Amino acid sequence: MIRFPRRGWARKGLIGLLAGAALFLAIPKPRIVPFSLSREVYDRKHRLLRLTTSSDEKYRRWVSLSRTSPILIEAFLLQEDRLFRSHPGVNPYSLLRALWSTYLRTYQTSGMRRFGTSRTNAVWMFGTGGRRVGGSTVTMQLARMRFNIRSRTLPGKLYQILRALQIERHYSKDEILEAYLNSVPLGGNVEGVGAASIVYFGKPVHRLGLPEALALCVIPKSPARRGPAGAKGTGQEDQALAARLRLFARWIEAHPEDQDKRPLIEMPLAMRLPGELPFNAPHFAQAALEEDTSSDHVLTTLDLPVQKLAERQVRRYLERKKPFGIRNACALLVHYPSMEVMAAVGSADYFDGGIQGQVNGTRARRSPGSALKPFIYALAMDQGLVHPMSMLKDAPMNFGGFNPENFDRDFLGPLHAWEALVRSRNVPAVHLAQQLKNPSLYGFLRSAGIGPLQEESFYGLALALGGAELRMEDLVKLYSMLANGGVLKPLRTRLGWPGGPARRLLSAEASFMALDMLKDNPRPAQGLSPALSRDALQAHWKTGTSYGFRDAWSVGVFGPYVLAVWVGNFDGQGNPAFVGIEAAAPLMFEIIDALRAHEPGLEPLWPSSRLNLAKVDVCAVSGQIPGPHCRRRVPTWFIPGRSPITTCSIHREVLVDERTGLRVCAGKGPGVRSEVVEFWPSDLLKLFKLAGLPRRSPPQDGPGCSLDSSANRGIPPAITSPHPGLAYTLRAASVGRQTLAFSAVTDADARQLYWFANDRFLGRAKTGETFFWAAQPGSYVVRVVDDQGRSDSREMLVAVVE
């Protein structure tokens with residue numbers, strides 16, 4: 001029969017030992033891997049961007065034993081457990097030595113101290129008369145850390161021993177050593193050599209040398225005194241050095257060839273604190289962590305030197321622009337062949353609360369202003385509406401009640417398509433957007449994944465001028481699509497991530513032509529010498545300014561990159577300085593120039609030789625296929641079978657009586673000469689006149705010209721008001737007094753317009769003038785006839801409201 005000791009402490013110890021033995025046999029394989037780890041974000045060359053703490057606020061990384069410096073492994077075993085490879089998890093000799101030094105010799109000098117007032121709760125603790133000597137092996141230390149054991153008590157020590165034996169039963173020595181090295185406390189909230197090597201030395205653990213390895217090995221014995229947080233500025237550097245030298249003495253016993261490295265060990269060792277860890281590309285790193293929640297090691301596409309280059313240019317630019325109230329900017333650089341993000345500046349200063357610096361501007365939804373116009377022109381070229389030299393009107397126009405104006409509140413008259421795009425004229429862009437079909441601009445944006453969007457009717461034609469909000473990432477993807485030949489690809493932020501599917505949204509030909517039009521956009525004034533400007537890297541770029549001067553944009557394609565820059569305030573507050581060409585474009589080109597210096601030899605945009613494109617000559621004035629009377633011709637890109645084929649209607653030959661100067665309609669004869677005259681529509685003639693550039697009117701018909709002959713030549717008038725699809729309303733009290741405005745665009749040889757409603761003559765007006773009619777309720781067919789006998793008609797409804 002077993003007799004239990006009478007003393008409470010002995011009985012408890014025996015019971016604990018028996019329970020521990022049962023636990024040793026019954027409990028399944030214990031977990032020795034930490035439950036949570038830090039997360040690491042690196043750039044494309046494995047340079048650290050950010051190291052986060054684990055869920056329990058520790059810096060803790062898991063590094064395999066094969067990736068750990070052999071010097072560090074050997075030094076740790078010299079310091080902590082020389083016989084690790086040979087004992088079963090417990091070193092009896094070390095335990096007996098610790099028992100003698102800590103218990104028995106202490107008892108002789110100071111006696112055992114017993115805390116508690118009864119036998120049942122008495123616990124024997126270490127005495128205070130001698131130096132405490134540890135007997136824990138590496139396995140025992142691992143057991144204490146993993147199971148949170150209070151090993152200073154005798155029951156705790158016994159439990160630690162049993163757990164160590166259990167670990168040795170289930171794991172190999174290498175597995176135990178690997179778990180220990182990744183769990184050992186190394187000062188503050190840093191655990192494990194993998195985290196400590198990054199935090200303290202800024203390098204992976206396999207690259208640690210002997211001085212650094214010894215510095216880490218001595219920390220666990222006294223983290224507060226030997227770690228960098230305890231040693232820096234406290235006068236305890238000597239204690240840490242002394243500990244390293246004692247360990248070095250043991251080291252040279254095994255490695256006498258390293259005796260000459262003692263000066264290296266004695267030198268001051270630079271160890272940074274956790275608060276000095278890199279915090280690079282904060283917005284981008286945070287987004288990468290949120291996108292990849294399954295991995296503790298996130299390898300991104302970012303290029304850290306390029307990121308710092310972009311941040312430096314943003315910082316310097318904003319410092320110069322501070323007097324103008326420009327305090328915040330964002331930038332996003334993408335390598336468009338791979339769609340890898342190379343740099344992402346989410347705000348001017350992540351820690352500046354005054355600009356809401358923690359907002360990631362590359363993902364904030366903002367109005368793009370005119371930055372969407374290149375896609376209107378690309379769609380129009382794809383649908384056969386225009387080519388780069390097509391003539392467009394920059395004149396006052398009404399689109400179903402929408403009257404767009406230009407940024408400068410002026411109109412320039414006739415412009416070639418490329419010029420209208422480069423000069424960012426609003427009316428031509430809206431006019432083209434109105435003609436787009438399958439897809440419209442709205443359908444194109446939906447296909448590109450831009451959203452969420454309201455219904456198309458919510459935006460109307462204002463969508464062409466930036467009526468919908470999108471993200472900088474969206475804008476960069478769209479411009480990258482142009483550079484990738486019309487194929488839309490997702491952005492890639494992580495190396496090895498295949499990305500999503502690619503989709504063709506535009507033809508390669510229209511994409512190239514749109515970018516080719518943008519190459520003629522002149523650089524903004526940057527104070528550069530002519531020589532530097534001439535040798536600058538060519539960029540295909542466009543700006544945008546949102547309504548109310550809230551957002552200034554500039555997006556450019558150059559070499560293999562697409563760069564977007566935004567200037568504004570995250571709170572939406574406007575500033576007259578927030579104009580794309582003045583606020584965003586200079587910063588964009590400063591980044592481009594700095595990148596060119598950083599990366600010489602950037603290649604130009606992909607060539608057009610593989611595309612189904614032709615260079616054709618068109619009339620330099622009208623942009624149409626040259627007629628026999630077009631004197632000057634210029635080349636332009638043309639998509640065979642798709643680009644519009646219209647013979648020039650501006651230059652026409654007329655016969656003039658040399659004596660009277662009137663037009664001759666009967667044929668050429670004596671005293672009749674031929675002249676080539678420009679026939680401009682009446683709205684453009686009016687603009688020419690306002691601009692101080694009046695055009696010569698065609699000669700008036702002579703007495704031999706009949707109405708039948710003139711009606712069969714030239715271009716008929718086009719009604720611009722009343723507008724199709726609109727119902728006009730009159731107040732009941734003002735019927736007969738309220739007037740409606742009628743207007744039409746005519747050919748250059750028309751002088752008078754005659755207005756009819758349901759075949760009833762209403763009156764006449766000179767070309768270019770508005771006719772006002774005192775309307776009556778009803779349904780009408782409004783017809784206009786010019787003095788050449790050409791006509792146009794439109795249906796109109798007039799209703800009465802109370």
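**View 1. Helix 8 is largely enclosed by the rest of the structure, because seven of its eight residues are buried.** The model shown here and in the other views is predicted. The buried residues of helix 8 are Leu210, Glu212, Ala213, Leu214, Ala215, Leu216 and Cys217. A residue counts as buried when its relative accessible area is under 20%.

**View 2. Helix 7 packs against helix 8.** Two packed helices are described by the angle between their axes and by the distance between those axes. Helix 7 covers residues 193-201 and helix 8 covers residues 210-217; their axes come within 11 Å and cross at roughly 115°. Helix 7 is therefore roughly perpendicular to helix 8. The crossing of these two helices is right-handed. On the side of helix 7, the contact is made by Ala196, Tyr200 and Phe201, and on the side of helix 8 by Glu212, Ala215 and Leu216. Five of these contact residues are nonpolar, none is polar and one is charged. Glu212, Ala215 and Leu216 are also among the buried residues of helix 8.

**View 3. Helix 2 packs against helix 6.** Residues 70-80 form helix 2 and residues 173-181 form helix 6; the two pack at an angle of about 85°, with their axes 12 Å apart. This angle makes helix 2 roughly perpendicular to helix 6. Helix 2 contributes Ile73, Phe76, Leu77 and Glu80 to the contact, while helix 6 contributes Leu177, Tyr180 and Leu181. The contact residues divide into six nonpolar, no polar and one charged.

**View 4. Glu168 is a buried residue, with a relative accessibility of 15%.** Glu168 belongs to helix 5, which spans residues 154-170. The side chain of Glu168 is joined to the side chain of Lys173 by a polar contact of 2.9 Å. When its neighbours within four places in sequence are left aside, Glu168 is in contact with His87, Pro88, Gly89, Thr139, Lys173 and Ile176. Lys173 thus appears in this list of contacts and in the polar contact between side chains.

**View 5. Pro439 follows a cis peptide bond.** The bond in question runs from Asn438 to Pro439, and its omega is near 10°. Pro439 is placed in the loop between helix 17, residues 426-435, and helix 18, residues 441-447.

**View 6. Pro722 also follows a cis peptide bond.** Here the bond runs from Ser721 to Pro722, with omega near 10°. The loop that holds Pro722 lies between strand 23, residues 718-721, and strand 24, residues 727-731.

**View 7. Glu57 has a positive phi although it is a residue other than glycine.** The value of phi for Glu57 is near 65°. Glu57 is found in the loop between strand 2, residues 48-51, and strand 3, residues 59-60. Its relative accessibility is 53%, so Glu57 counts as exposed.

**View 8. Asn148 is another residue other than glycine with a positive phi.** Its phi is near 55°. Asn148 lies in the loop between helix 4, residues 138-147, and helix 5, the helix that also contains Glu168. At a relative accessibility of 69%, Asn148 counts as exposed, whereas Glu168 in helix 5 counts as buried at 15%.

Methods: Residues are numbered from 1 along each chain as its sequence is written. This is a predicted model: local features need pLDDT of at least 70, side-chain atom pairs count only at pLDDT 80 or more; totals for chains, interfaces and linings use all residues. Side-chain values use heavy atoms; hydrogens and water are left out. Axes are lines fitted to C-alpha atoms, for helices over the stretch in contact, and angles run from 0 to 180 degrees between N-to-C directions. Helices (H or I, at least four residues) and strands (E, at least two) are DSSP runs, numbered from the N terminus. Angles under 35 degrees count as roughly parallel, over 145 as roughly antiparallel, 65 to 115 as roughly perpendicular and the rest as oblique. A crossing is left-handed if the near helix is turned anticlockwise from the far one by less than a right angle, and right-handed if clockwise. Contact means heavy atoms within 4.5 Å. Ala, Val, Leu, Ile, Met, Phe, Trp, Tyr, Cys and Pro count as nonpolar, Asp, Glu, Lys and Arg as charged, and the others, Gly among them, as polar. Buried means under 20% relative accessible area, exposed over 50%, partly exposed in between (1.4 Å probe, protein chains only). A polar contact is a pair of N or O atoms within 3.5 Å; within protein, one must be able to donate a hydrogen and the other to accept it, and residues adjacent in sequence count only if both atoms are side-chain atoms.
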